[in-house]
Amino acid sequence: MEAVTRRLPFGLSRVVAPSLLGFALINGSTFAFDLLLLTLFRSVLHWPVPVAFTVAYLIAFALSFVLNRALNFRSHAPVGPQAALYALAILINYLAFILGLGSGLAALGTQYHVSRLVAGLCEAVYMYSVMRWVIFRDTDGR
């Protein structure tokens, strides 16, 4: 990611941290996986929206934690405290963005994929900030 960010045009190399680019790639992939699971749970299995959001979310965020810890932030701190902080962060994220915003928009009539995309944009900003400056702070945003 460092090599890629060094080559960004328009002075973006001075603004975009390599960990931001890594986060975008990892979490973009896990978000797509989340949407795939959401579609399976909601449209195929006909689960209620909050249940489908919750199960898809938990699976995707577990994958995100493992990939970001190992590949993006390359943290060597003890995993236990990081996992506890991550669990707290995703609980806050879940209540505010998934159930609050995502389910709220769906309840107002927004198509559930659209409501999940809107919630996903908000959670991306929150989760990157928490991962970089709280959970994986031992890596200094590498």
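The following conversation walks through a predicted model, taking up its core, its largest pocket and a few single residues.

Colleague: Which helix gives the most residues to the largest nonpolar core?
Modeller: The largest nonpolar core has 26 residues, and those with the most contacts inside it include Leu38, Tyr86 and Met127. The elements that each give two or more residues to this core are H2 (18-44), H3 (49-72), H4 (79-107) and H5 (112-135). Among these contributors, the one that gives the most, with 7 residues, is helix H3.

Colleague: Which residues does Ile135 contact, leaving aside its neighbours within four places in sequence?
Modeller: Ile135 is among the residues with the most contacts inside the largest nonpolar core, and Tyr86 is named in that group as well. With the neighbours within four places in sequence left aside, the residues in contact with Ile135 are Phe65, Gln82, Leu85, Tyr86, Ala89 and Val130.

Colleague: Is Ser19 buried or exposed, and what is its relative accessible area?
Modeller: Ser19 is found in helix H2, and its side chain is joined to that of Tyr128 by a polar contact of 2.7 Å. A residue counts as buried when its relative accessible area is under 20%. Ser19 meets that cut-off and is therefore buried, because its relative accessible area is 0%.

Colleague: What is the length of the polar contact between the side chains of Asn93 and Tyr57?
Modeller: Asn93 lies in helix H4 and is buried, with a relative accessible area of 0%. Not counting residues up to four places away in sequence, Asn93 touches Tyr57, Phe61, Ile98, Glu123, Tyr126 and Met127. With Tyr57, one of these, Asn93 also forms a polar contact between side chains, and its length is 2.9 Å.

Colleague: How is the lining of the largest pocket divided by class?
Modeller: The largest pocket has a volume of about 220 Å³. Of the 16 residues that line this pocket, the closest to its centre are Asn27, Phe31, Gly120, Glu123 and Ala124, while H2, H3 and H5 each supply at least two residues of the lining. By class, the lining is made up of 9 nonpolar, 4 polar and 3 charged residues.

Colleague: What distance separates the C-alpha atoms of Ala124 and Phe31?
Modeller: Ala124 is found in helix H5 and counts as partly exposed, at 30% relative accessibility. Both Ala124 and Phe31 are among the lining residues closest to the centre of the largest pocket. Although the two are 93 residues apart along the chain, their C-alpha atoms are separated by 9.6 Å.

Colleague: Why does Ser103 count as buried?
Modeller: Ser103 lies in helix H4, and, with neighbours within four places in sequence left aside, it is in contact with Val49, Pro50, Phe53 and Ile98. The cut-off for buried is a relative accessible area under 20%. Ser103 counts as buried because its relative accessibility is 13%.

Colleague: Where does Arg74, which has a positive phi, lie?
Modeller: Most residues other than glycine have a negative phi. His46, in the loop between H2 and H3, has a positive phi near 60° and is exposed, with a relative accessible area of 59%. Arg74 has a positive phi of about 45° and is partly exposed, with a relative accessible area of 39%. The place where Arg74 lies is the loop between H3 and H4.

Technical notes:
Residues are numbered from 1 along each chain as its sequence is written. This is a predicted model: local features need pLDDT of at least 70, side-chain atom pairs count only at pLDDT 80 or more; totals for chains, interfaces and linings use all residues. Side-chain values use heavy atoms; hydrogens and water are left out. A nonpolar core is a set of buried Ala, Val, Leu, Ile, Met, Phe, Trp, Tyr and Cys residues joined through side-chain atoms within 4.5 Å. Buried means under 20% relative accessible area, exposed over 50%, partly exposed in between (1.4 Å probe, protein chains only). Helices (H or I, at least four residues) and strands (E, at least two) are DSSP runs, numbered from the N terminus. Contact means heavy atoms within 4.5 Å. A polar contact is a pair of N or O atoms within 3.5 Å; within protein, one must be able to donate a hydrogen and the other to accept it, and residues adjacent in sequence count only if both atoms are side-chain atoms. On a 1 Å grid over the protein atoms alone, a cavity is a set of points where a 1.4 Å probe fits but cannot get out, and a pocket is an open set with protein on both sides within 12 Å along at least five of seven lines; lining residues have an atom within 4 Å of a point. Grid points are joined across faces, edges and corners, and a volume is the space filled by probe spheres set on the points. Ala, Val, Leu, Ile, Met, Phe, Trp, Tyr, Cys and Pro count as nonpolar, Asp, Glu, Lys and Arg as charged, and the others, Gly among them, as polar.
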